[in-house]
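Here's a walk through a protein complex, meant for someone just getting used to looking at structures. Take a look at the picture first, then read on.

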Amino acid sequence: MNSSEILELFSTFIVISALYIQGQAYFKPAIYVQAIQSTLIAILGFYLGITLSSIDYIVLGITILILRSILITIFLFRGLKEKPGIRESSRGVASELILDLIFSIIASLLIYYSVLKKINIITEINNTLILLFAFILLFQGLFLIISRRSTIFQFLGFIEEENSTILLGILLLPIPFLIEVSIFLDVLGLVIVSSILTLEKIEHSRLDELKG
Amino acid sequence: MDVEPLLLLLIPILINIGFFKLKLIKVLSILSALLTILISLSLYFLTPIITTFFLITKFTTFFLLMITSIYLLSTLYSINYIKPSRIVSERLYYILLNSFVTSMIFTVIVNNYGLMWVGIELTTVTSALLIVAEASETSLEATWRYIIIVSAGVTLALFSIILIYYNYHTLTITEITPENNIITRLAVALALIGFGTKAGVFPMYTWLPDAHSEAPSPISALFSGVLLPAAAYVLYMVYLINPLINIFVIFSTLSIITTSIILLNQWHIKRMFAYSTIENMNLALLGLVLGQPLGAIILLLSHAFGKAGAFYSSGIIVKILEEKRIENIDGLYSKLKLTSASLLMSSLAVTGTPPFATFIGEFLILQTLIQKGYTIEFVLILASLATAFISINYNITKIIFTQKGINQTNLKEPTLITFISLISSIIPLILGILLLVILP
């Protein structure tokens, strides 16, 4: 298996994990799969770090592993403990998944054919098509946020968006600055969302006072 | 080593060391605000400062002055306004306030697009809990919307930063020269959506009325008066890489039109001012991209004080009358005289009434718009500004002068916060008169 195939395989698993979260109504498995998704991205970082002999990728991999795979998972589970149910109350998860598939794939193909193919981007591994995975993950994250009402699922959508940025970054170029950036994003998630809001508000609905 | 910019960053952070005593952190926060204003003023005479880390020009110092002045006013206002809640204690409030201001200062003085992005992200981290300071159901929802929408937008902005890095292999602003290719075009377009989310550009501005209306008034003032200009500053810096003038003009015009339509039927006093912020901010952005920075700076400066005055006086109304619905507030002049004066003046200031400085800024920008040949946009914006002017001032005069219910004349205005509100709303008028003397 060559380098490009390994990256494609990992990226496929990452996208599959995102679709699994979209099709899941229970909190626990969705949080676990988020941890797996982040771990896969960390492994990608390690792999690129070794093959390209770049310490930046290794540091990024370690950061993702500690902050996203471990700490965020712990915080989210802590938030869940104090809630009575562990399933989101919304219905129609299956139909949302189908809509999501249509939305993500069409949007990503549009991006690929109207932008990526035209601008002649050269990636680290000479495969532009691989960037499509990052865009699928981005749109999937956005769809998860807009399709769900619970704080935890919306937060998972937010993490998917972050993961998509990291994926785009590591596939496109060497990323010294992305290390700091991802840490700050995770601080946002850890400090505010996990510790306060997930404990305070489990679901979101339209409030009259916030209309207009 | 440039000491002044470093002090500007360090002072508001270091004073948090006084967190253990509430009185101490309050005093230190006021002291920090005063010191940062003095440093910002001194920087005006020391510019340009260009190092690998800092980029401070005269243009930047106006943003610094805006940030530090509203910082001082909001800190003073908070002393009599903020009460501890189950989520945010008073001490935590001041720590977050100081950190929020530092993150805004950091955003406008760094010489690196990546760090600017980090600064914008930091403003979200430090300000999110400030919105929820009153711990109501609606403020929690508003905070959540703020985090989710802004984070989604800022993720797109990171895509833009990645593309800039890909094209130039550096993110240092002073090392980057404008270049017209498809990658820079894409980067600037993505920045318009990404940083535009934070700056209140159509269609991603939906978090703004929620956050502004549910945050405590001193925080609404900081959001409206300085956070949005800081984001607009970053957006403008990215814009300079490849000036896509038409796309910026279209999106700004759309933002102004949509908000003026929403303003026609606005029922919530603070939301009304939040929508007015979107309108003013997009007009300032138009000024920047059209090459009319003077107009934009005048508008932003005047708007910062005017809008702070509007939020401060609305805060007094909400606190004393416990009412947010415009239709339920009446006879304000007989109840709260000084607050009425402040509300009326700030409302006139933010809607661009002559001789307030906002009018001069708006005039210069609109003049440039028509000079550059954007006639349709000019007509649409003028009509929108007129609509917004009528909507806001009609509501405010109704609140102040119409007398429907029982006259409660025994209400007492809180001295300090009323005084701050009044000062804030007078500044755009003084600035306007000064400019009328200086500009010709």
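Let's start with a quick ruler check on helix 10 of chain B, which covers residues 245-263. With 19 residues at 1.5 Å a residue, this helix should span 27 Å, and its end C-alpha atoms are indeed 27 Å apart, so expectation and model agree. Keep in mind that this is a predicted model. How far can you trust it? Chain B averages a pLDDT of 91, with 98% of the residues scoring at least 70. For the complex, the predictor gives an ipTM of 0.81 and a pTM of 0.91.

**Helix 10 and its neighbours**

Now see which residues of helix 10 in chain B are tucked away. The buried ones are B:Phe248, B:Val249, B:Ser252, B:Thr253, B:Ser255, B:Ile256, B:Thr258, B:Thr259, B:Ser260 and B:Leu263. What do the buried residues of helix 10 pack against? Their partners in chain B are helix 7 (182-199), helix 9 (217-239), helix 11 (269-289) and helix 16 (375-401).

**A glycine in helix 12**

Next, find B:Gly315, which sits in helix 12 (residues 293-321) of chain B. Buried or exposed, where does B:Gly315 fall? Its relative accessibility is 0%, so B:Gly315 counts as buried. Setting aside neighbours within four places in sequence, B:Gly315 is in contact with B:Tyr77, B:Tyr81 and B:Ser217. You can also try a distance here: B:Ile269 is 46 residues away from B:Gly315 along the chain, and their C-alpha atoms are separated by 9.6 Å.

**Charged pairs**

Side chains of opposite charge can pair when their charged atoms come close. Searching the whole structure turns up eight salt bridges over all chains. Here are some of them, with the distance between N and O atoms.

| Salt bridge | N to O distance |
|---|---|
| B:Glu141 and B:Arg145 | 3.6 Å |
| B:Asp210 and B:Arg271 | 2.9 Å |
| B:Lys335 and B:Asp330 | 3.4 Å |

Take the pair B:Glu141 and B:Arg145. Both belong to helix 6 (residues 137-168) of chain B, and they are four residues apart, about one turn of the helix. B:Glu141 has 3% relative accessibility, so this residue counts as buried.

The pair B:Asp210 and B:Arg271 meets in a salt bridge of 2.9 Å, N to O. B:Asp210 lies in helix 8 (residues 207-214) of chain B, while B:Arg271 is in helix 11 of chain B, so the pair ties together parts that are 61 residues apart in sequence. What about cover? Both B:Asp210 and B:Arg271 are buried.

Then there's B:Lys335, which forms a salt bridge with B:Asp330. B:Lys335 is buried, since its relative accessible area is 9%. B:Asp330 also counts as buried because its relative accessibility is 9%. Going back to the other two pairs, salt bridges that share partners join B:Glu141, B:Arg145, B:Asp210 and B:Arg271 into one network.

**A nonpolar patch on the surface**

Not everything is hidden. Which residues form a nonpolar patch on the surface? They are B:Ile426, B:Ile430, B:Ile433, B:Leu434, B:Val437 and B:Ile438, and together they have about 560 Å² of accessible area. One of them, B:Leu434, lies in helix 17 (residues 415-438) of chain B. With a relative accessible area of 45%, B:Leu434 falls between the 20% and 50% cut-offs, so it is partly exposed.

**Over to chain A**

How many helices does chain A have? There are seven, along with zero strands. Of the 212 residues in chain A, 58% are buried. Looking at contacts in chain A with a separation of 6 or more, residues 24 or more positions apart account for 80%. Chain A exposes about 8,700 Å², and carbon and sulfur atoms supply 68% of that area.

For a spot inside chain A, try A:Ser11, found in helix 1 (residues 3-22). A:Ser11 is buried, because its relative accessible area is 0%. Not counting residues up to four places away in sequence, A:Ser11 touches A:Leu44, A:Ile130 and A:Phe133.

Finish with the ruler again, this time on helix 5 (residues 131-147) of chain A. Its 17 residues should span 24 Å at 1.5 Å a residue, and the end C-alpha atoms are 25 Å apart, which agrees. Helix 5 of chain A is mostly covered, with 15 of its 17 residues buried.

How values were computed:
Residues are numbered from 1 along each chain as its sequence is written. Chains are lettered from A and ligands numbered from 1 in the order in which they are written. Side-chain values use heavy atoms; hydrogens and water are left out. pLDDT is the predictor's confidence in each residue, from 0 to 100. Helices (H or I, at least four residues) and strands (E, at least two) are DSSP runs, numbered from the N terminus. Buried means under 20% relative accessible area, exposed over 50%, partly exposed in between (1.4 Å probe, protein chains only). Contact means heavy atoms within 4.5 Å. Accessible areas come from the Shrake-Rupley method with a 1.4 Å probe; for residues, only the protein chains shown count as cover. The expected span of a helix is 1.5 Å times one less than its number of residues. Patches are made of residues with over 30% relative accessible area and no salt bridge: like charges are joined within 9 Å, nonpolar side chains (Val, Leu, Ile, Met, Phe, Trp, Tyr) within 5 Å. A salt bridge is a side-chain nitrogen of Lys or Arg within 4 Å of a carboxyl oxygen of Asp or Glu.
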